[in-house]
Amino acid sequence: MSQIKEKPLWNPYIAGVALGLVLLAAFLVLGHGIGASGASSRLGVFLMNGVSESHVHASQYFARYFAAGSHVLNDWLVFMVIGIFGGGLVSSVLGGRNKSEIVKGPRVGVGWRLIAALSGGILMGFAARLARGCTSGQALSGGALLSVGSWIFMLAVFAGGYAVAALVRRQWQ
Amino acid sequence: MLAVEIFTTRQNPAIDPSLAIWNWEIPVYLFLGGLVAGLLVVGALMELYWPERWERRLSRASAGLGIALLSLGMVALFLDLANKIHVYRFYLAFRPTSPMSWGAWILLVAYPAMALWLLASLDAEWLDEALRKRFPWPRLGARFASWLGRGQGFVERHRRRVLYVTASVGVGLGIYTGVLLQTLVARPLWNSALLGPLFLASGVSAGAAFLLLIAKSDAAKAMLLRWDIAALSIELVLLGLFLVDRMSGAQSERAAVSLLTSGPYTGAFFGLVLLLGILVPLWLERRELSGAAHSRFMVPALVLLGGIALRTILVAAGQTSITGLF
Amino acid sequence: MNLLPIFGTGQFPLALEFIPALIIGFGFGFVLERSGFGRASVLVAQFYGHDMRVFKVMFTAIVTAMIGVAIASGAGVVDLKAIYVPETFLFAHLVGGFVLGVGFIVSGYCPGTSIVGFASSKWDGLVTIAGVVVGSVLFGELYPLVKPLYLAQAKGVLTFSDLLGLRFEVLAAAVALFAVALFAIAEKAEGYFSRRRALEAPNTMTPVAKGALGTLIALALASTAFLLVPQDSDAGRRPKVHVTRIDAAALAKRLIERPRGIMLVDLRGPEACKAKRIPLAYCFDQIAAQIENLPSNRPLVVYGHSGTKHLPKQLSRFTGKVYRLDGGYQSWSEHVLRKPDPKLSPADYRLRLAVHSHFTGQTMQRPAPVVRPTVIRRKSKKGGGCL
């Protein structure tokens, strides 16, 4: 089938305004911001629960996911992520950017890239639980409501990124 | 009204107070059964009516994967059975009014049909050579080769008949996975005649999507996309009818469907089944047919995910929908 | 009366929130992808200085949402206090943020954008998602070790408005002006780093972008006009508590659905309250001094012995919604703690039995065994599940 050309990205400021309006809609309709990492956490707890139910229920941290009495995955965070996936998919297809690939610089192999993606993901999963949210839930949502913790979090994210950017430069350039 | 229901339609929790609780095994079995049904229907009908836009290897894959996946589903089902050694009893009698009996017999016919179809779609020369030269015991290999060669000759003569049987078995298998749930009257969510056709449509869409992963030629891909669009569209309509049917039903049925429309399964139903499982793939397929490109894994992955989600949600919600509690 | 937010106040069943969450998520994913955030190389460019897309999009989004909230709350459309603000834990946010930043540059995504990456068929995005799942589980496993850090320096809900004593509208305008200044710097920095690497600078400050940012500033300044309108939701100034009624059945249902979604206060006096009370209820004397600190986005349900006519004065310091349990504790014990009468209609009986067993822990009585003809019995034994 024929290839369609990749369309240019939106201007970042315009995209930012659009993103802000989505966030505003979340505040006004849902009464809370946007969350992305919570769903992954819930998925993890769900899988763990399949392995050993008693272990998960005995855990100090995981037990909170069962407090409400409903299914672990039955939460707005999970459905928001399903929406995020759908939105990303539709947009990438419309923009001609939906191509099966592994994004990396020319100087690293696929294996290294995937190991880096996995370890970075693990760090982020851990950090997002520690900080009670990720860039979506804390930095964006809390930041827009002027939460002090969220702003500290956001500055720390940028600090962490800049601190090790030089070390992993090979992966990207 | 309520009193009438209790006595006439068995919709009373006191009648089936505790049906066995189904976990992952039953949805997996229903999904794999539907998927195999789809492979058989799509593969056999394509070979019958549009052979010029078909690939022999797709028939081979349908038959071979059909056997493998159906067996996998049977393993899942077997794990769920309480009295495992009593399975043989299904084959001691045929009860025309029992869908379980129908199912057991459909499964029994499905295997030979798939095996014959597989034999018909294997390359005769390749098969002959493989058995004679690469088989560890040459004499046995030669004997097998001559048997299978004769078998192939037989299948070749009755090719169309084999394909008709295969397609019919596919339709039967697909419908039966839904009818199976329908007959449990004490679960008001399932007690709808639309469930059989719905599961068949969903199975056909999954089968076409699965073959889309394997297809190489543009003609076959385009046909599979059309199959999938048709199946998903029908599934969408049937799903809508199913909801309307439940909503306009008895009080217990309205309560049962509210599990999907405004209850604990709402998010999963709209998000996974409707949005990601049907609407998005439909849109992607229409675009792909008109020449737009995107990752080729996306459509099959979404359709298969939607198929699993549909069955998991219906099975889980159905078991929650006990008359009287809601 | 504020119209918004529609959800989050406990008025609606949780399940109804899922559809808007799905739709908003869809919009979020769509815009993230349009911003280019479905691709790791675009995201990490932020940290090499030549394309600060991430910073620009994020900050513009924050400013836009902030101004929107300022206007909506200033105009009285939305109840600012009913919007959930994450609590502040200084160390957890500091350390968590730093580690997340490291994970960001290593994986190339953040948790949200990895989903968008996967949605645009980037397999490294999928692997990152798997990592996030593993990392979350790891945190749960190591929780006893990290608990001190997780809970240290808890400040509760703390915003810059609280910290500086300024109204939200003022701060929103200040942040908007500050952001625009930072954007100008970012554009300069991009030019510098791009020249150093002989790349083409993105030059994103187009006339349209300028117009959008100008509009934002104008709206931010305009929203400060609401300063002239006195804030009616100020604690203490509210003259009277508006109390809505709730009956025992509805309360039980809510407690089952979202046990932490409401706060219960027992007004019967210390002895009675200590002896027995509705699960999760506070005794009034214990929290009387802290009423104003209770989160206002969750409804407060009060109850006395039977009907309560006079509510204590301190309750007027609570800014959220107040409900009064009809019939008080007496009604609760009649409806929930006592075994339901089997003469009720089957549906009622079943529901009451479920509620009763939920709160008393007594197992539900099974319906009387049904005698069935032997033929059917044998058939049902054959396949414990189905075929």
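1. C:Lys122 forms a salt bridge with A:Glu101, and their closest N and O atoms are 3.5 Å apart. The model is a predicted one. C:Lys122 sits in the loop between α5 and α6 of chain C, and A:Glu101 sits in the loop between α4 (76–94) and α5 (110–130) of chain A, so the pair joins two chains. Side chains of opposite charge can pair when their charged atoms come close.

2. Are the two partners buried or exposed? C:Lys122 has a relative accessible area of 2%. The cut-off for buried is under 20%, so C:Lys122 counts as buried. A:Glu101 is partly exposed, because its relative accessible area is 25%.

3. Look next at what surrounds C:Lys122. Its loop runs between α5 (111–119) and α6 (123–141) of chain C. Leaving out residues up to four places away in sequence, C:Lys122 touches A:Arg97, A:Lys99, A:Glu101 and A:Val103 in chain A. From its own chain, C:Lys122 touches C:Gly38, C:Arg39, C:Tyr109 and C:Gly117.

4. The side chain of C:Lys122 has polar partners in chain A. It reaches the backbone oxygen of A:Lys99 at 3.3 Å. It also makes a polar contact with the side chain of A:Glu101, at 3.5 Å.

5. Which residues make up the salt-bridge network that includes C:Lys122? The network links A:Glu101, C:Arg39 and C:Lys122. C:Arg39 is also among the residues that C:Lys122 touches.

6. Now step back to the whole interface of chains C and A. In chain C, 130 residues are in contact with 120 residues of chain A. The two chains bury about 11000 Å² between them. Carbon and sulfur atoms account for 75% of that area.

7. How many salt bridges lie between chain C and chain A? The count is 4. One salt bridge between these chains joins the side chains of A:Arg97 and C:Glu33, at 2.8 Å from N to O. Polar contacts between the two chains, with both residues at pLDDT 80 or more, come to 43 residue pairs.

8. Helix α4 (residues 90–107) of chain C gives the most to the side of chain C that touches chain A, with 17 residues. By residue type, that side of chain C divides into 85 nonpolar, 32 polar and 13 charged.

9. Turn to the domains within chain C. The assignment gives domain 1 as 14–87 + 107–149 + 157–228, and domain 2 as 238–337. Their C-alpha centres lie 39 Å apart. Each of these domains puts 4 residues into the contact.

10. The area buried between domain 1 and domain 2 of chain C is about 360 Å². Carbon and sulfur atoms give 51% of it. The rule finds 0 salt bridges across this interface. It also finds 0 residue pairs in polar contact there, with both residues at pLDDT 80 or more. On the side of domain 1 of chain C that touches domain 2, there are 3 nonpolar residues, no polar ones and 1 charged.

11. Chain A is divided too. Its domain 1 covers 8–100, and its domain 2 covers 102–173. The C-alpha centres of these domains lie 17 Å apart. Here 11 residues of domain 1 are in contact with 10 residues of domain 2.

12. Domain 1 and domain 2 of chain A bury about 770 Å² between them, 66% of it on carbon and sulfur atoms. There are 0 salt bridges between them. There are 3 residue pairs in polar contact, both residues being at pLDDT 80 or more. On the side of domain 1 that touches domain 2, α1 (12–30) and α2 (37–51) of chain A each supply at least two residues. That side divides into 7 nonpolar, 4 polar and no charged residues.

13. The structure holds 15 salt bridges over all chains. One of them is in chain B, where the side chains of B:Glu156 and B:Arg159 meet at 3.3 Å, N to O. B:Glu156 is partly exposed, with a relative accessible area of 44%.

14. Another salt bridge pairs C:Glu187 with C:Lys56, with the closest N and O atoms 3.2 Å apart. This pair links distant parts of the chain, 131 residues apart. C:Glu187 lies in helix α9 (residues 168–196) of chain C, and C:Lys56 in helix α3 (residues 53–74) of chain C. Both residues are buried.

How values were computed
Residues numbered from 1 in each chain as written. Chains lettered and ligands numbered in written order. Predicted model: local features only at pLDDT ≥ 70, side-chain atom pairs only at ≥ 80, totals over all residues. Heavy atoms only, no water. Contact = heavy atoms within 4.5 Å. Buried area = accessible area lost by both parts, 1.4 Å probe. Polar contact = N/O pair within 3.5 Å; in protein donor to acceptor, adjacent residues only side chain to side chain. Helix = DSSP H or I, 4+ residues; strand = E, 2+ residues; numbered from the N terminus. Nonpolar A, V, L, I, M, F, W, Y, C, P; charged D, E, K, R; others polar. Buried < 20%, exposed > 50% of the residue type's maximum accessible area, 1.4 Å probe, protein only. Domains from an automatic or database assignment.
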